[in-house]
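Colleague: Could you take a close look at a single residue, at what surrounds it and at the helix that carries it? Please then work outwards from there, giving the reasoning at each step.

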Amino acid sequence: MLLQELLTIPIYNRAHIMAGHSGLSRTVQSVNIMDAPDIITFLKPGDLLLTNGYFMKDSPDKLIELIRSMDKIGCTGLGVKTKRFALEITEEAFQEAERLQFPIIELSSVDHSLGEIFQQSTSFLLENTNHELHYALTIHKQFSSMIMHGKGIPDIIETLTGLLGSPVLLASLKLQISGQSRHFQSSGMKRTLGCIIDALGTLPAIDSPVSLCLTHPEVSDYRFIQLYPIYTYRHEGYLIALRSSPSDSKMAALALEQAANVIGLEFTKKQAVKERSRRYKNEFFSDLIEGFLTSEQEVVHRGKKYGLKAKGTSLMIVAKKDEWTDSGSTNTVSLQEEKLISERDVHYEWIKRLISQMDIPFVMFTKNDVFGLLLFIRQPDSEESGLIGQLEQVVEQLYRESQLSMSFGVGHRVTGVLDIGLSFKEAHKALQIGYQMKKTRFVRSHQANDFSHLFRMVPLDELKQYYDETFKSLLANDEGEQNELLKTLHAYYENHCQLVETAKQLFVHRNTVIYRLEKCEKLTGRKLKDPTESLRFRIAFAIEQLLNIK
């Protein structure tokens, strides 16, 4: 409790505050009684020290040293009977106590011994602690009972609002509002809400209860914030109470703490239900992809809850986090697995949220280390390029907003539910080809007969030999000129031998492109527009991606 609250008990009626009045808001955790020169080594934060000052009576300056030391470790104050041994408190000691806002309490007029003062103070502290404990248990029971009787988190928020008499918010770790009291229906409170989100967005993740003050000029009524983190097996978000003035109420803090605990338990329960449902879904799609389900009727029956129909067009998308790593020692394997599971859950929700914005019905699942997305295509004749463009936007948005590097493989469209497994394998193969080409944050469609498919049938050393022989004369130049000529030649063929378009892509003048191409012809001895030579160069550039040559 606060020191000023402790001093209200009858035994302190004749006590006198000699110095440090501004420090009466310090918190008392315990009371200590001692009179020895090395007393400071036995004190701890929150201690109120009772003494008769015997060890200082011949050296009044020791009091200044004691005040400084007690303030440094966070003690609450000093209660002293100065008349017992005629202890003189110097003006310098008074000034130091005032400077540090460290309370000094004169107890000489108290008719009780230090032992009796200690006993009654301790009893009052214990009684207050028991009262707080009983209150916490009662509040916890009340909130838990609400959950047991089918009431949800919104009811807890409204009940907490009534207990505190102030607005309450529930926010995710990303500061998305998932619950709020009725106060926020007014336009003024909506502006306040925006200011709170903006302010918290500038802070790192908060992992312990804090009190904050908003300095935004638009906020006037509820400037003070009490924030409690909510945890399950991971940090879920925050329970936030708004105050019109700073609050030191222990009961309010206990109510917030218990509400945060019960909300955390409710989140845990919901996650367990979601995990079980997700596990059934993952098992169903795994069986479908692996070919364990061979009856179309069975697949449609089991998959109808996921939107599967006997007729309709769908395609599979496979997503994977780029550069999966598994660092650490064998002593922390279980912690790594738990962290990986937690991260994948977060990534699952991020991907799901962004894919939802594409306005295409879909169902999402996980299989081994990849995420599967089955899209139900409403317009079978729609261009695939539009879908690829949307997925590329998702890739960039994931990286921009969450620094999550993901890549997507896209399978072919299928019209039968038993062909979904084939589309998944095509999407997974497209993903693997992209990784073999050392790419990241890409979207790749399955192309059964593209050049890369044929190239992979040729040994890498022979592909390397073909590449080196094609560009041998260009590679003999210094690295700067070599890169310049190869880059120009590649752009020239990418733009279908159009000089103007090549110059635009390279941000150089048209004559510069002509000069470089003439130099390529001179060095290689080949006519660049000759169909046979053009094909040779194009094949070499395609091989370059496969060999990951920079």
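Modeller: **Contacts of one residue**

Leaving aside residues up to four places away in sequence, T502 is in contact with T488, A491, Y492, N495 and V513. The model is a predicted one, and every value below is to be read in that light. T502 belongs to helix α16, which spans residues 499-506. Its relative accessibility is 0%, and T502 therefore counts as buried, the limit being under 20%.

Helix α16 also carries a pair of charged side chains. E501 and K504 form a salt bridge, with 4.0 Å from N to O. Because these two residues are 3 apart within α16, about one helical turn separates E501 from K504. In general, an α-helix has 3.6 residues a turn, so residues three or four places apart point the same way. E501 is partly exposed at 37% relative accessible area, whereas K504, at 53%, counts as exposed. Thus α16 holds the buried T502 as well as the exposed K504.

Burial can also be followed along another helix, α13, which covers residues 460-470. Here L463, Y467 and T470 are the buried positions. They span an arc of only 65° around the helix axis, and therefore lie on the same side of α13.

From the pair in α16 one may turn to other salt bridges, of which the structure holds 22. One of them joins the side chains of E349 and R278, at 3.2 Å from N to O. E349 sits in helix α9 and R278 in helix α7 (residues 250-290), so this contact ties together parts of the chain that are 71 residues apart in sequence. The two partners are set differently with respect to solvent: E349 is partly exposed at 30%, while R278 is buried at 9%. Both residues belong to a network of salt bridges that links K274, E275, R278, D345 and E349.

Helix α7 takes part in a further long-range pair. E290 and K367 meet through their side chains in a salt bridge of 2.9 Å, N to O. E290 is in α7 and K367 is in strand β12, so that distant parts of the chain, 77 residues apart, are linked. With a relative accessibility of 40%, E290 is partly exposed; K367, at 11%, is buried.

Between α9 (333-356) and β12 (362-367) runs a loop that contains D359. The backbone of D359 has a positive phi of about 60°, although this residue is not a glycine. D359 is exposed, with a relative accessible area of 54%. Q101 likewise is not a glycine and has a positive phi, in its case about 55°. It lies in the loop between α3 (91-100) and β5, and its 41% relative accessibility makes it partly exposed.

Strand β5 leads to an open sheet of 5 strands, arranged in the order β1-β5-β4-β3-β2 with mixed pairing. The edges are taken by β1 (16-19) and β2 (30-33); each has a single partner strand, so one side of each has no neighbour in the sheet. From one strand to the next, the twist averages 25°. The partner of β1 is β5 (residues 104-106): the two run antiparallel and are joined by 3 bridges. Within this pairing, I17 stands opposite I105 of β5. Helix α2 (residues 62-73) lies across β3 (47-51), β4 (77-80) and β5, at about 140° to β4.

There remains the question of covalent links between cysteines: how many disulfides are there? The count is 0. For C213, the closest cysteine sulfur is that of C195 at 13 Å, which is too far for a bond. For C520, the closest is that of C497 at 12 Å, again too far for a bond. C213 is partly exposed at 43%, and C520 is buried at 0%.

Notes:
Residues are numbered from 1 along each chain as its sequence is written. This is a predicted model: local features need pLDDT of at least 70, side-chain atom pairs count only at pLDDT 80 or more; totals for chains, interfaces and linings use all residues. Side-chain values use heavy atoms; hydrogens and water are left out. Buried means under 20% relative accessible area, exposed over 50%, partly exposed in between (1.4 Å probe, protein chains only). Helices (H or I, at least four residues) and strands (E, at least two) are DSSP runs, numbered from the N terminus. The arc is that of the directions from the helix axis to the C-beta atoms. Contact means heavy atoms within 4.5 Å. A disulfide is a pair of cysteine sulfur atoms within 2.5 Å. Two strands pair if DSSP finds at least two bridges between them. Axes are lines fitted to C-alpha atoms, for helices over the stretch in contact, and angles run from 0 to 180 degrees between N-to-C directions.
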